[in-house]
Amino acid sequence: MPFDPHLAAVRFGTGLGPRHAPPASADEMLRRLRGPDRAAALWPVARSAEAVPSQVELNEAARAVREGTEAERMAALDRQAAMREAARAARAADFRAHLARRLDASDGLRERLHAFWADHLTAVARNGPGVHFVSAYWEEAIRPHLAGSFPAMLEAAILHPTMLRYLDGARSVGPDSRAGLNGGRGLNENLARELLELHTLGVDGPYSQADVRELAELLTGLSLDRDGLFGFDPRRAQPGAETVLGVAYAEDASLDNVRAALRDLALHPATARHLAGKLARHFVADAAPPALVADLADAYRATDGDLLAVTEALLRHPAAWSPERLKVKQPFEFVASALRALGVGGASVVALGLGDTRRLFIAPMSLMGQPWQEPPGPDGWPEEAEAWVTPQGVAARIDWAMERPEALMARIGAELPDPRDLAEVALGPLASGPTLYAARAAERRGEGVGVVLASADFQRR
Amino acid sequence: MDFSRRAFLRGLVGCSAAASPLLTPVTFAAAPWEERLVVLVLRGAMDGLDAVRPRFDAAYGPLRPTLAAAPGLPVEGGWELHPALAPLLPLWQAGEFGAVHAVSTPYRDRRSHFDGQDILEAGSGGDDVEGLRDGWLNRLLLHVPGAEAETAYAVGREDMLILRGEAPASRWSPDARLRLSPQARRLLEVVHHEDPLFRAASAQAVAIVDGLAAEGMEAGGAADHRRLAAFAASRLRGDTRIASFSLGGWDTHVGQPAALDRALSRLADAILALREGLGPAWGRTAVLCLTEFGRTAAENGTGGTDHGTGGAMLVAGGLVRGGRVGGDWPGLDALYAGRDLLPTRDVRAHAAWVMRGLWGIDRGVLEGAVFPGLDMGADPGLLL
């Protein structure tokens, strides 16, 4: 099996740069993935329990707005406005940490897998004061399992407050449960549907509308308490046994039932195929090579969803090393790999303020079609190149490449590299003749850097 | 997709026609026809039963004790409009805003937003989600003589499937911008030359930016629904005859009264912005608002509705026969799969009849190429 260090860094890592040697082998990449999470230790993000504003504060303010006196309401509205600002600042700080991890990583594969699985199990926090909770969700439910087990990741994700809030899992109540009969609240199918359609079996999977409903009933006990913490509430759980995909789950509602159902869904053969297809499409090509998909599915099934084994199967497959770079980097990948190629370090980025973070990264990424942590739906970001390489999308990438690196360097007191050096560092043997020519022919350093970063060579992986 | 500079330049000249009185009337003939079509894609499955309420149907109230409680705006036939559509009531009364109920695409049973939207935009028969990789508006363009890149415009940041395909179409977001020196332009062509996808996209970006600069249109800024509509209208005043953009926020599983109020208010805003921007061309325009499917007839347990099947299409513009609710109402006592409004007509048939009425497109083309496998049936009389 051919191993190409430069392709490894670009296709499976966070790019080539002057401060890191590319990986020497697939063994090395897997060893680092199995090892300690250095990037997270170096650049931590806030956990749910430490988040500011906290869920407790948010809930308190919301209650005061709903039920308080006029004076309490006005004070709470003011607090909410302040909390929205604080949440945005917190989200921007976590963004810088994620960017810094990609810049400093010698284990770029971990960051790429983090992004992939976080996207697969997309949860969005759209309400203004709660936008900063998504990073904590990623850190708590996704990241610990990247080299672990998919069944464990799925359970952690579905039971996480951020996901329950996003897909209405916490509000869905069994119509015949105590809470349902008393309060007139009832079932909501959103979580059950997306769990089957997106997270496990896939839209072509062997499930029916009846399965959606049964699963929705099975999940009704999931709830969040007044402080926003997860708990299982039997009073909201729909009584009676549920049958999902032909498997009957015990009559008495319990969290164990939910766990058993999630595990069964995670280990369903259709799930293996679905996840294998997504991995192949994300890392290798929009038109996933069938042999690769089959092998990844086999590895998943043979190991009961061991993601290290599946990742290894990916890295050792000849199809993964095709020299033709068919995938287009998503905006965040592009920006991060550009900064890494320019030699920018995590510390410089983390030191930036909110205004700079917005101007230099977050606003341009939105124009490129990727508003940070806000994909349009639970199916996450699109994979196909055509979705990203539109006139408006490519204009935004070019505009960023031409202007922002120079502005960033001025901010952090560094110099733009010679465009020819940049082409050498960023692409190495992957650089084409036209890109090398353009790097030489630019009249201004900033322009030369811009055309290298905007080149199809650099945009593809 | 390969664009020639010639085609762009032709388009650009026409683009400024509305602004410049110095160009001869001959440039207006560059556009294939005078009637305009705007297709709004409402992403998230709009609840047609709440937007256009069948108050006359005895089953309605019991199915939706909370959602149906607040009074709507009564219109003819025992129907009611959702209160958030109040800004469009004068248009309804002038016959420039209407609805068609109990329609859907052929998509059944899966109720997936993503497949549902793909099928809506691909215009396919439903079984072949993987089959149709292009959009029905793009296939239409292939059968229109004289159609050029500027003839159809997808507006917004996303890439819309409805205009993807072989025929050249324009795509842009009003907040996009591109500032390049002549040398940078030249070098960009070099570094994109060997990648057809990048080559086409950046060439089109440069051409659009040049065109907008020639018109004096400002670049950058917000891209909210009003701006999308205003930008689409500005293109439609020029050489563009087909425009499409999308509006989200329709997936009302929880708290539907507030959420649908917001989404319908934005839609009303967008339609009024189109009308304002189009000026006299509004009288020669048809606007179709389509969604991937409707929602459950009964409200769910969280103050909202879940995914359904039959729904409503909203229509606007000077060319539509508005002020009424068209379609064949099946009654809410005969639900599809025991839960959804039963669709009684394929929504594509309505779109096809609109295109036939606007531009005289051949029925064979509409049933064979634009909406493969569609039986258009009888003319529903949606246009004046």
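This is a short tour of a predicted model, stop by stop, for use with your viewer open.

Residues are numbered from 1 along each chain as its sequence is written, while chains are lettered from A and ligands numbered from 1 in the order in which they are written. In this predicted model, local features need pLDDT of at least 70, side-chain atom pairs count only at pLDDT 80 or more, and totals for chains, interfaces and linings use all residues; side-chain values use heavy atoms, with hydrogens and water left out.

**Stop one: confidence**

Colour chain B by pLDDT, the predictor's confidence in each residue, from 0 to 100. Its mean is 88, and 89% of the residues in chain B reach 70 or more. Now select residues 1-31 of chain B, where pLDDT stays under 50. That stretch has 40 contacts (heavy atoms within 4.5 Å) beyond four places in sequence. Where pLDDT is low, the predicted coordinates should not be read in detail. For the complex, the predictor gives an ipTM of 0.93 and a pTM of 0.87.

**Stop two: between the chains**

Show both chains together: 45 residues of chain B are in contact with 51 residues of chain A. About 4200 Å² is buried between them, with 58% coming from carbon and sulfur atoms; buried area is the accessible area (1.4 Å probe) that two parts lose on being put together, summed over both.

Chain B and chain A share four salt bridges, each a side-chain nitrogen of Lys or Arg within 4 Å of a carboxyl oxygen of Asp or Glu. Select A:Asp399 and B:Arg179 to see a salt bridge whose closest N and O atoms are 2.6 Å apart.

**Stop three: a pair within a helix**

Over all chains, the search finds 55 salt bridges. Go to A:Glu217 and A:Arg213, which form a salt bridge with the closest N and O atoms 3.5 Å apart. These two are separated by about one helical turn because they are four residues apart in helix 12 (residues 209-218) of chain A. Helices here are DSSP runs (H or I, at least four residues), numbered from the N terminus.

**Stop four: the end of a long sequence step**

Select A:Asp104 in helix 5 of chain A. Its C-alpha atom and that of A:Leu42 are separated by 9.0 Å, with their positions 62 residues apart along the chain. Leaving out residues up to four places away in sequence, A:Asp104 touches eight partners you can display, including A:Arg19, A:His20, A:Trp43 and A:Arg340.

**Stop five: two loops**

Find the cis peptide bond that joins A:Val52 and A:Pro53, with omega about 0°. A:Pro53 sits in the loop between helix 3 (38-42) and helix 4 (55-67) of chain A. Then move to A:Asp304, which is not a glycine yet has a positive phi of about 55°. A:Asp304 lies in the loop between helix 15 (290-302) and helix 16 (307-315) of chain A.
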